[in-house]
Amino acid sequence: MKYMILSDIHGSYDDLKKAINIFEEEKMDRIILLGDLLYHGPRNPLPIGYSPKDVVELLNQYKSKIMAVRGNCDAEVDQMVLDFPIRADYLECYLDGHRFFITHGHLYNEEELPLINEGDILMYGHFHKPIAKKKNGIYIFNPSSLSLPKEGVKSFGVYKNHELKIVSLEKTLIKKIIL
């Protein structure tokens, strides 16, 4: 299975549409959303193509393929328009024998670790910076922001066959780590 990992869309329909086109072109199976889906928050500028209603419509088309967590810019009212659950602070799942702890990053991150073990993967967004590394036996992965990156270019993550990659919307590899 091939997973697309998106974080910090912040209502940018244009960027989400580009990512979904890549999802379809590369015949990916599932989408993991790391929060901050619809709104930009008070510290961020409006992203290009800002249209939360269109983001809702597009994401709902993929509802059966989505796993999502709540970001700090996501509100309870967002659940009223999204057809998949987004209110969990974190999810745990096992892929290919690996334990993934999936969260937004405002509660758990590299500096505020959850209760995870050596060999586990901590996957989060929030900071809008690409990270793919192993630290103290734990894999740390942040695909950066799809719409408002603070370092580099707009990007997303991909997981397949024990490998995590960060890829730009132009399909350029930014970072990768083998699990």
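Asparagine 136 sits out in the open: at 71% relative accessibility it counts as exposed. In this predicted model, asparagine 136 belongs to the loop between β7 (130-135) and β8 (138-143). Its backbone is worth a look too, since phi of asparagine 136 is near 50°, a positive value in a residue other than glycine.

Aspartate 36 also has a positive phi, near 55°, and is likewise a residue other than glycine. You will find aspartate 36 in the loop between β2 and α2. Is aspartate 36 buried or exposed? With a relative accessible area of 1%, aspartate 36 is buried, because the cut-off for that class is under 20%.

**From the loop into strand β8**

Just past asparagine 136 comes a residue to follow inward. Tyrosine 139 has its place in strand β8, and at 11% relative accessibility tyrosine 139 counts as buried. Which residues does tyrosine 139 contact, leaving aside its neighbours within four places in sequence? They are Gly119, Asp120, Ile121, Leu122, Lys133, Lys134, Ile177, Ile178 and Leu179. Isoleucine 174 makes a useful distance check: its C-alpha atom and that of tyrosine 139 are separated by 17 Å, with the two positions 35 residues apart along the chain.

**The overall fold**

Stepping back, the protein chain contains two helices and 11 strands. Read from the N terminus, the order of elements is β-α-β-α-β-β-β-β-β-β-β-β-β. The radius of gyration of the protein chain is 15 Å, close to the 16 Å that the globule rule gives for 179 residues, so the chain is as compact as a globular protein of that length. Along the principal axes, the C-alpha atoms fill a box of roughly 40 × 30 × 30 Å.

Of the 179 residues in the protein chain, 54% count as buried. The accessible surface of the chain comes to about 8500 Å², and carbon and sulfur atoms account for 49% of that area. As for contacts between residues at least 6 apart in sequence, 54% of them join residues at least 24 apart.

**Two nonpolar cores**

Now to the interior. The largest nonpolar core has 28 residues, and those with the most contacts inside it are Leu6, Leu16, Leu33, Leu37, Phe84 and Phe156. At least two residues of this core come from each of β1 (3-6), α1 (13-25), β2 (30-33), α2 (52-60), β3 (66-68) and β9 (155-160). Helix α1 gives the largest share, five residues.

Leucine 6 shows how these pieces meet. Not counting residues up to four places away in sequence, leucine 6 touches Leu16, Ala19, Ile31, Ile32, Leu33, Leu34, Leu146 and Phe156. Another core, of 19 residues, lies apart from the largest one, and its members include Phe100, Tyr139, Phe141 and Tyr159. Tyrosine 139, met above in strand β8, is thus back in view as a member of this second group.

Helix α2 deserves a closer look. Which of the residues of α2 are buried? They are Pro52, Val55, Val56, Leu58, Leu59 and Asn60. These buried residues pack against α1, β2 and β3. A general point about helices helps here: an α-helix has 3.6 residues a turn, so residues three or four places apart point the same way.

**Aromatic pairs**

The structure holds seven aromatic pairs. Two of them are set out below.

| Pair | Geometry | Centre to centre | Between the planes |
|---|---|---|---|
| Phe101 and Tyr108 | edge-to-face | 5.4 Å | 85° |
| Tyr124 and Phe127 | edge-to-face | 6.1 Å | 85° |

Phenylalanine 101 counts as buried at 3% relative accessibility, whereas tyrosine 108 is partly exposed, with a relative accessible area of 27%. In the other pair, tyrosine 124 is buried, with a relative accessible area of 2%, while phenylalanine 127 counts as partly exposed at 35% relative accessibility. Elsewhere, Tyr3, Phe100 and Tyr159 form one aromatic cluster. Phe100 and Tyr159 from that cluster are also among the residues of the 19-residue core.

**Cysteines**

How many disulfides does a search of the whole structure find? The count is zero. Cysteine 73 is buried, with a relative accessible area of 17%. Cysteine 93 also counts as buried, at 13% relative accessibility.

Methods: Residues are numbered from 1 along each chain as its sequence is written. This is a predicted model: local features need pLDDT of at least 70, side-chain atom pairs count only at pLDDT 80 or more; totals for chains, interfaces and linings use all residues. Side-chain values use heavy atoms; hydrogens and water are left out. A nonpolar core is a set of buried Ala, Val, Leu, Ile, Met, Phe, Trp, Tyr and Cys residues joined through side-chain atoms within 4.5 Å. Buried means under 20% relative accessible area, exposed over 50%, partly exposed in between (1.4 Å probe, protein chains only). Helices (H or I, at least four residues) and strands (E, at least two) are DSSP runs, numbered from the N terminus. Contact means heavy atoms within 4.5 Å. Rings of Phe, Tyr and Trp (its six-membered ring) pair if their centres lie within 6.5 Å; planes under 30 degrees apart count as stacked, over 60 as edge-to-face and the rest as tilted. The radius of gyration is taken over C-alpha atoms; the globule rule is 2.2 Å times the number of residues to the power 0.38. Accessible areas come from the Shrake-Rupley method with a 1.4 Å probe; for residues, only the protein chains shown count as cover. A disulfide is a pair of cysteine sulfur atoms within 2.5 Å.
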